[in-house]
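Me: I would like to go through this model term by term, asking each time what rule stands behind a word. Please set the values against the rules before you conclude anything.

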Amino acid sequence: MTETTGPTQQTGTASPEPDLWEPHAPAAGTLRPLLAQGLDLRVSGTAAARQLADGVVEVTAEGPAAVRIEWRVPCVDATSFWTPEPRGTGWLPAAWSAPRRTGLAAGAPIAALVGTGDTALCAFAAEQAEVLAGAGVVEETGEFRFWAQAEGRLTVRIDTSGRHYARCLADLTAWWGEGRTAVIPDAARRPAYSTWYSMHQDVSPERIETQAALGKDLGLDVIIVDDGWMTADRTRGYAHCGDWEPVSLPGTAEHVKRVHDLGVQYLLWYALPFIGKDSAAFRQIGRYVLADAAHMGAIVADPRYPEVREFLTGRLARAVEEWGMDGLKVDFVDWFARAAERADAPQPGPEADCASVAEGVEKLLAAIRARITAAHPEAMVEHRQPYVSPGLWPYVTMIRATDCPLSPQENRQRTVDVRLAAGPVPVHADMLMWHPAEPPEQIACHLINVLFSVPQISVDLAAQGPGQREALAFWLGVFRAHLDTLQLGELRPSRPDLGYPLVTALGAGTVAVARYAALPVDASAADWRTLLVANADADPDVRLTGGSGTAAVTVQDARGRIVRQDEIDLRRTDTVPVPRGGLLTLRRG
């Protein structure tokens, strides 16, 4: 986007905000009017606005304390309020709802009010991570009110251009990405196997190597070994975290080499903030307590202290430096932010070198990333929703949707939500698991529900029947063959108010559509050479609209078996039967 006009300065006299009942928000104080491209803004401190494009303005406020920027738009034809948080999309909150607090390790300061036709009535993002933001319907006026507040300085971009909401969000995340370099290894976009749901803590070299070999044959290039490797205890809890000795992985380096010999890369799980009360680490650094997680059997270590960061960095880096692994699954980073927000959070002591927990977290993640990439330039790091802040992009190579076992719709919504906020970082689905009796059609639907992310599989592959393996291999092949479109194409999710019943990705000559309800598929684009339609709905009749010319048709069932192959005239054929869990492929010259 380019600047089209100069700054618009603050105007008018102090204007008290009309009384609104806000039991969960700090008092707004005295705000002054600021007009910018028709937006009715209210600001504190010294403020200015500039127009960047039609319907897009940037507003900055500065002051000696907290500064706030507020604005309202008519709540006309509104359907949903979008945020990248778990279960954050699909309704319109009231203006008196509790505000969202985002930070380096919790959430992302971005949101959109979505209207009929998937247009953005208003989308906005804040430049910095540490923001308190509120949004909701003003009952007294029928307007939708936004506000954002930060300490000292705040810059927001506000988009009322009326474009598709995903395009507006893409522009806002591109703004976040300016000046940031995201180094993403190819392996971070490849389907992976995870041990969590399939093994939980009961891991061993033999079990891991068995699943790695079976997974490689099906198209899984990465294995992520989760909890249990650092303890012989199998009762859950985190009392044994902190030492990070490979108790359940004897001969670790040799074990990792055997996995590598299969052609599979290896990531290892760490619960970064937790120092278990049964660990030797607790006796060493347990005095640096940010919070007591008694129900977890652990404390949250305080990253403001160099001794804590040095200890944790050294422990995590061993996986790559000594054992030859390809990266880390860094879990629970958001617990640092949770602990910092508690009323009883301690002040930093004399040994601390960071004024804030967020600063300590960033130094810790930067140190870990520097150590492992020095040993392995393409080392991977997985983070997890809700810590999706763009401030973490330099330290992460993939972000996973938060846990939703055996919930395909939830996995779909969470992966799409994170995709819309993650910029250049690959988004991984929560691990896919299913009952041993799950039919191939439903396994295919599990995969289709996360088609626009990187799938992680977490079932015992040795226990799968022929049909289950065929469905898995077929759809993993689709992920791999169309990676550029599915993961790197322009994402167009439809109807966030209904949980994205239709999602489209636009690539170079390829359009991929996933159909989760009996909705028509738009085939009118003139430049597609390949149109893919993945059918996860029980209704087999895929209705095509707006198409022209002839196209070669291939229909495959959930197991990849061809059930139809011929040619159709798109002007005369508007419905093509596709089995549940199947794939329709249209090709034209």
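Me: What makes the pair Arg495 and Asp497 a salt bridge?

Reply: A salt bridge is a side-chain nitrogen of Lys or Arg within 4 Å of a carboxyl oxygen of Asp or Glu. The closest N and O atoms of Arg495 and Asp497 are 2.8 Å apart, so the pair satisfies that rule. The model is a predicted one, in which local features need pLDDT of at least 70, side-chain atom pairs count only at pLDDT 80 or more, and totals for chains, interfaces and linings use all residues. Side-chain values use heavy atoms, with hydrogens and water left out, and residues are numbered from 1 along each chain as its sequence is written.

Me: Why is Arg495 called partly exposed?

Reply: Buried means under 20% relative accessible area, exposed means over 50%, and partly exposed is what lies in between, with a 1.4 Å probe and protein chains only. Arg495 has a relative accessible area of 36%, and therefore counts as partly exposed.

Me: Which partner does Arg561 have in a salt bridge, and is that partner, Asp557, buried or exposed?

Reply: Arg561 forms a salt bridge with Asp557, with 2.8 Å between the closest N and O atoms. Asp557 has a relative accessible area of 11%, so it is buried, whereas Arg561, at 43%, is partly exposed. In another pair, the side chains of Arg492 and Glu490 meet at 2.8 Å, N to O, and Glu490 is partly exposed because its relative accessibility is 29%.

Me: How many salt bridges does a search of the whole structure find, and which residues are linked in a network?

Reply: The search finds 46 salt bridges. A network of them links Asp331, Glu382, Arg384, Arg400, Asp403 and Asp430.

Me: How do you know how confident the predictor is along the chain?

Reply: The value to consult is pLDDT, the predictor's confidence in each residue, from 0 to 100. Its mean over the chain is 94, and 96% of the residues reach 70 or more. Over residues 1-9, however, pLDDT stays under 50, although the model has 25 contacts for them beyond four places in sequence, a contact being heavy atoms within 4.5 Å. Residues 11-17 also have pLDDT below 50, with 18 contacts beyond near neighbours in sequence. Where pLDDT is low, the predicted coordinates should not be read in detail.

Me: What makes an empty space a cavity rather than a pocket?

Reply: On a 1 Å grid over the protein atoms alone, a cavity is a set of points where a 1.4 Å probe fits but cannot get out, while a pocket is an open set with protein on both sides within 12 Å along at least five of seven lines; lining residues have an atom within 4 Å of a point. By this rule there are 2 cavities of 30 Å³ or more. The largest cavity holds about 50 Å³, and its lining includes Cys404, Met431, His446 and Val450. The second largest cavity has a volume of about 40 Å³, and among its lining residues are Leu451, Trp475, Ala512 and Leu583. Two or more residues of that lining come from each of α11 (466-481), β25 (510-515) and β27 (530-535).

Me: Why is helix α10 described as mostly covered?

Reply: Of the 9 residues of α10 (440-448), 7 are buried, namely Pro440, Ile443, Ala444, Cys445, His446, Leu447 and Ile448. What covers these buried residues includes α9 (408-421), β22 (456-457), α11, β25 and β27.

Me: What is the volume of the largest pocket, and which element gives the most to its lining?

Reply: The largest pocket has a volume of about 770 Å³. Of the 37 residues that line this pocket, the closest to its centre are Thr102, Gly103, Glu130, Ser356 and Ala358. With 5 residues, α8 gives the most to the lining.

Me: Where does Pro346 lie, and what is it in contact with beyond its neighbours in sequence?

Reply: Pro346 lies in the loop between α7 and α8. Leaving aside neighbours within four places in sequence, Pro346 is in contact with Val289, Leu290, Asp302 and Arg304. Its relative accessible area is 28%, so Pro346 is partly exposed. The C-alpha atoms of Pro346 and Ala291 are separated by 8.3 Å, although the two are 55 residues apart along the chain.

Definitions and conventions. Points joined across faces, edges and corners; volume = space filled by probe spheres on them. Helix = DSSP H or I, 4+ residues; strand = E, 2+ residues; numbered from the N terminus.
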